[in-house]
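User: I should like to go through this structure with you. Could we begin with confidence and then turn to the charged pairs?

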Amino acid sequence: MTLRNLSKPSSAVGRGFVAHEAHDDLHVIACAVKGKGTHIVTYDDRHLLTPKVKRFLRRFGIKVVKPSEMLTELKRLGDP
């Protein structure tokens, strides 16, 4: 599956509510899924930080967090 295919409505990322909730950010979601990312760090409350998008991305093992949450997680893990 190519990155281009991930952003098409027929792909897993483009199906259902995610296409409507995060239509301007499908490229970010596709990149995280295709790249097997673990986190998306953003301030985007309107699109990426919605409960529906977060729930969808959890299926791929991706957490969507604000920068402050990421810093807290990194400190907890012992990163400088």
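**Confidence and salt bridges**

Analyst: Residues 6–10 stay under 50 in pLDDT (the predictor's confidence in each residue, from 0 to 100), and the model has 12 contacts (heavy atoms within 4.5 Å) beyond four places in sequence for them. This is a predicted model, in which local features need pLDDT of at least 70 and side-chain atom pairs count only at pLDDT 80 or more, while totals for chains, interfaces and linings use all residues. Numbering runs from 1 along each chain as its sequence is written, and side-chain values use heavy atoms, with hydrogens and water left out.

User: Where is confidence lowest and where is it highest?

Analyst: The lowest mean, 48, belongs to helix α1 (residues 3–6), and the highest, 94, to strand β1 (residues 39–41). Helices (H or I, at least four residues) and strands (E, at least two) are DSSP runs, numbered from the N terminus.

User: How many salt bridges are there?

Analyst: There are 2, each being a side-chain nitrogen of Lys or Arg within 4 Å of a carboxyl oxygen of Asp or Glu. One joins Asp-45 to Lys-66, at 3.6 Å from N to O. Asp-45 sits in the loop between β1 and α4 (51–58) and Lys-66 in the loop between β2 (63–65) and α5 (67–77), so the pair ties together parts 21 residues apart in sequence.

User: And what does Glu-73 pair with?

Analyst: Glu-73 pairs with Lys-63, with the closest N and O atoms 3.0 Å apart. This links helix α5 to strand β2, 10 residues apart.

User: Is Glu-73 buried or exposed?

Analyst: Glu-73 is buried, at 13% relative accessibility, whereas Lys-63 is partly exposed at 39%. Buried means under 20% relative accessible area, exposed over 50%, and partly exposed in between (1.4 Å probe, protein chains only).
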